[in-house]
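This report describes selected local features of a structure for a reader who has not met it before. Please consult the sequence and the model shown below while reading.

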Amino acid sequence: MTDSAGAGRKSGIPFIDLQAQRERIREHLDDAIARVLEHGNFIMGPEVPELEERLAELCGCRHVVTCASGTDALLMALMAWEVGPDDAVFVPSFTFASTAEVVALLGAQVVFVDVDPDTFNLSPSSLQSAVAVAREAGLRPRVAIAVDMFGQPADYAGIRRVLEGESVRLLADAAQSFGASVGSAKVGTLGEVSTTSFFPAKPLGCYGDGGAIFTDDREVADVLRSIRVHGQGTNKYDNVRIGINGRLDTLQAAVLIEKLRIFEDEIISRQDVASIYNRLLGGVVKTPDVLKGRTSAWAQYTLRSGRRDDIAAGLRAEGIPTAIYYPKVLHEQLAYEHSLRVDDLSVSGRLATTVLSIPMHPYLNERTQEVVAEAIHATIGRDGRVPALDEDGGS
Ligand SMILES: *Cc1c(COP(=O)(O)O)cnc(C)c1O
């Protein structure tokens, strides 16, 4: 995800407006940063455990271990479970590179799984095929990584049903969804272990890289804390396992504590923005579905259209920025040429050619959204109502 504001020359509409958020809490941020510069505990200073406590409180999980990035969070979770060679890890093909690369880094086998066309999330039935693919290849099915794409939690109940009787652990890549929920269960509690990212463009972003790992399992949390500091035992010069330098900077923790104070309010604003887009764009393009009983953190507002490239060009002509997450699915990337996969990854492939993310942030006003919607209407024609998206992705 881009963290550049990407303001359109003509419209001045940014894709994400981090400055509007900064204006809102400027003094608090400045004070928090100054406090860290004053006490000087830049590594594992008091703001780090304070943030961990607040994150745990917000999502209702027992243990939170912050770390250096969303990618490290995934890596550390797999390391804590001792994932390695001969292990199969199931990953959706329609996701960011991190989800798969951490598996390969540990010498385990990625098995690519298809996603659901409406939620963009891991398909439980495709996961079932993937478990069979792993077995046929002589691998041990070990972990399924469900990604909460664009902010909506994956189908954890459906995935659990498929995994029943298997000793496959469920890891939630919640890099885009912190702040969302399924019923009364908040993101952070949906996987056995859940991870998130504080990359600036994520719903809860810091001013650099950062991440966190959530679990109710005390032992796993202790192992994660050890992995975070080079596999330390009683201290960092006592190495009881292989670890990494995976710490979150104190400065970033201080920034996040201030951003957390307005976070729930921002999530509500994101939902309002999404509802307005749904109303303005429904029937013209395929607007994103959020399933009943779930909320999304709306990391992105991603529409689908067989005329995606025309829409992007039309918006660009008006100076309105867009982004494509993701233009190329992972199973087609050179790096994953030799990876295992289910036979049918057609939904992932079709999404890569039909998705388009438009400006989304909590400070977007309705007038601006109307400008965006008008540009989309003008591009694909108001009358005749272009069919949203047929099965072939063409319309
Ligand atoms: C952003 C993202 C990550 C990685 O987070 P970083 O903090 O950039 O390392 C992992 N998975 C998904 C789905 C993401 O969107």
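F42 is partly exposed, with a relative accessible area of 40%; partly exposed lies between buried (under 20% relative accessible area) and exposed (over 50%), with a 1.4 Å probe and protein chains only. The residue sits in the loop between α1 (18-39) and α2, where helices are DSSP runs of H or I with at least four residues and strands are runs of E with at least two, numbered from the N terminus. Together with L37, I43 and M44, F42 forms a nonpolar surface patch of about 370 Å² of accessible area. Patch members have over 30% relative accessible area and no salt bridge, and nonpolar side chains are joined within 5 Å; a salt bridge is a side-chain nitrogen of Lys or Arg within 4 Å of a carboxyl oxygen of Asp or Glu. The areas follow the Shrake-Rupley method with a 1.4 Å probe.

The model is predicted: local features need pLDDT of at least 70 and side-chain atom pairs pLDDT 80 or more, while totals for chains, interfaces and linings use all residues. Residues are numbered from 1 along each chain as its sequence is written, and side-chain values use heavy atoms, without hydrogens or water.

Helix α2 comprises 13 residues (47-59) and reaches 18 Å from its first C-alpha to its last, close to the expected 18 Å, a span given by 1.5 Å times one less than the number of residues. Its buried residues include V48, L51, L55 and L58. After α2 comes G60, whose phi is positive, near 80°.

Two residues other than glycine also have a positive phi.

| Residue | Phi | Loop | Relative accessible area |
|---|---|---|---|
| F120 | about 70° | between β3 (109-113) and α5 (124-136) | 4%, buried |
| H230 | about 60° | between α7 (218-228) and α8 (250-260) | 33%, partly exposed |

A cis peptide bond, with omega about 10°, joins Y325 and Y326. Y326 belongs to the loop between α10 (308-317) and β12 (340-341).

The largest pocket has a volume of about 290 Å³. Its lining has 19 residues, with T71, F96, S98, S197 and K202 nearest the centre. Two or more lining residues come from each of α3 (70-80) and α4 (97-105), and α3 gives the most, with three. On a 1 Å grid over the protein atoms alone, a pocket is an open set of points where a 1.4 Å probe fits, with protein on both sides within 12 Å along at least five of seven lines; lining residues have an atom within 4 Å of a point.

Methods: Patches are made of residues with over 30% relative accessible area and no salt bridge: like charges are joined within 9 Å, nonpolar side chains (Val, Leu, Ile, Met, Phe, Trp, Tyr) within 5 Å. Grid points are joined across faces, edges and corners, and a volume is the space filled by probe spheres set on the points.
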